[in-house]
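Hello,

Here is the structure I promised to pass on. Please open it next to this email and read along.

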Amino acid sequence: MGQKTNALGFRLGTNQNHHSIWFAKPKKYSEELQEDKKIRNCIQNYVQKNKKTLELEGLTCIEIKKRIDVIKVIIYFAFITRNIKKKEDRPEIILRRIQKFKINLDQELNCMNRETSIDIIKIAKPLGHPNILAEYIGIQLKNRVSFGKAMRGAIRLAKLGHSKGIQKVKGIIIQIKGRVAGKDRKRFEWIRDGIIPLQTARAKIDYCAYPITTFRGVIGIKIWIFIDKVDKVDKVDKVDTEDTEDKVGTEDTEDTK
């Protein structure tokens with residue numbers, strides 16, 4: 001039987017970094033781990049409750065860095081909503097939102113000896129992130145769009161998100177499992193476009209597992225995206241060689257004349 005591993009955990013140290021960075025003694029390791037879980041659950045619940053009034057959309061990642069006196073939390077969002085009319089007002093509104101995040105965290109953790117600092121960062125290419133694509137597929141399935149159409153639309157969005165720049169999508173896999181299309185039995189549907197080298201540790205692959213709840217039950221969505229750099233140097237070298245060959249040919253003909 002094939003053994004399945006997490007694509008992100010398999011590449012730690014090569015292409016992926018840890019989302020939690022701290023050091024603890026063996027006796028206090030479980031306490032620190034539970035504290036991380038509380039922080040993540042607190043932020044996710046706050047974002048879900050205040051979806052309509054929140055100025056930020058698309059929670060992609062939460063990084064936690066702990067020191068002796070400080071707990072630093074970095075929250076990555078995909079979009080800034082249109083509720084903010086003027087760009088000049090964005091810093092003030094985001095600072096207010098950071099203060100609200102901080103108040104909720106302090107109430108949840110009850111840490112007297114530590115200070116909490118929160119930073120909010122907007123990611124550069126949101127459409128190419130697997131969490132955003134999984135949310136898109138989940139919304140489409142809740143609106144009773146066919147799973148094939150939703151998966152093909154997510155592939156188009158992923159390619160469109162990395163269309164500009166050096167990095168481009170070389171391959172993508174989308175898997176959906178559950179009571180798809182209202183069937184009584186659970187089904188397993190998947191689609192692949194391009195090449196996905198899952199067994200090579202040096203390949204940069206983004207992965208996410210995203211469950212959604214529908215009126216028929218829970219449906220699981222998994223997405224793998226293989227991103228690689230485009231070699232522009234090779235194309236330039238080929239053009240230069242062709243030009244030199246043409247020049248050599250013309251010089252020979254002139255000498256013969």
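Below are notes on one helix and one loop residue.

This is a predicted model: local features need pLDDT of at least 70, side-chain atom pairs count only at pLDDT 80 or more, and totals for chains, interfaces and linings use all residues. Residues are numbered from 1 along each chain as its sequence is written, and side-chain values use heavy atoms, with hydrogens and water left out.

Helix 2 comes first. It covers residues 29-49. Helices here are DSSP runs (H or I, at least four residues), numbered from the N terminus. The end C-alpha atoms of helix 2 lie 31 Å apart. That agrees with the 30 Å expected for its 21 residues at 1.5 Å a residue (the expected span is 1.5 Å times one less than the number of residues).

Its buried residues are E32, E35, D36, I39, C42, I43, Y46 and V47. Buried means under 20% relative accessible area, exposed over 50%, partly exposed in between (1.4 Å probe, protein chains only). Down the helix axis, the buried residues fall within an arc of 125°, so they line one face. The arc is taken from the directions from the axis to the C-beta atoms. The face turned away carries the exposed residues Q34, K37, Q48 and K49.

Look at D36. Its relative accessible area is 4%. D36 touches S20, W22, I64 and K66, leaving out residues up to four places away in sequence. Contact means heavy atoms within 4.5 Å.

Now R144. It sits in the loop between helix 4 (130-142) and helix 5 (147-161). R144 is exposed, at 62% relative accessibility. Its phi is near 65°, a positive value in a residue other than glycine. Most residues other than glycine have a negative phi.

Best wishes

Notes
Helices (H or I, at least four residues) and strands (E, at least two) are DSSP runs, numbered from the N terminus.
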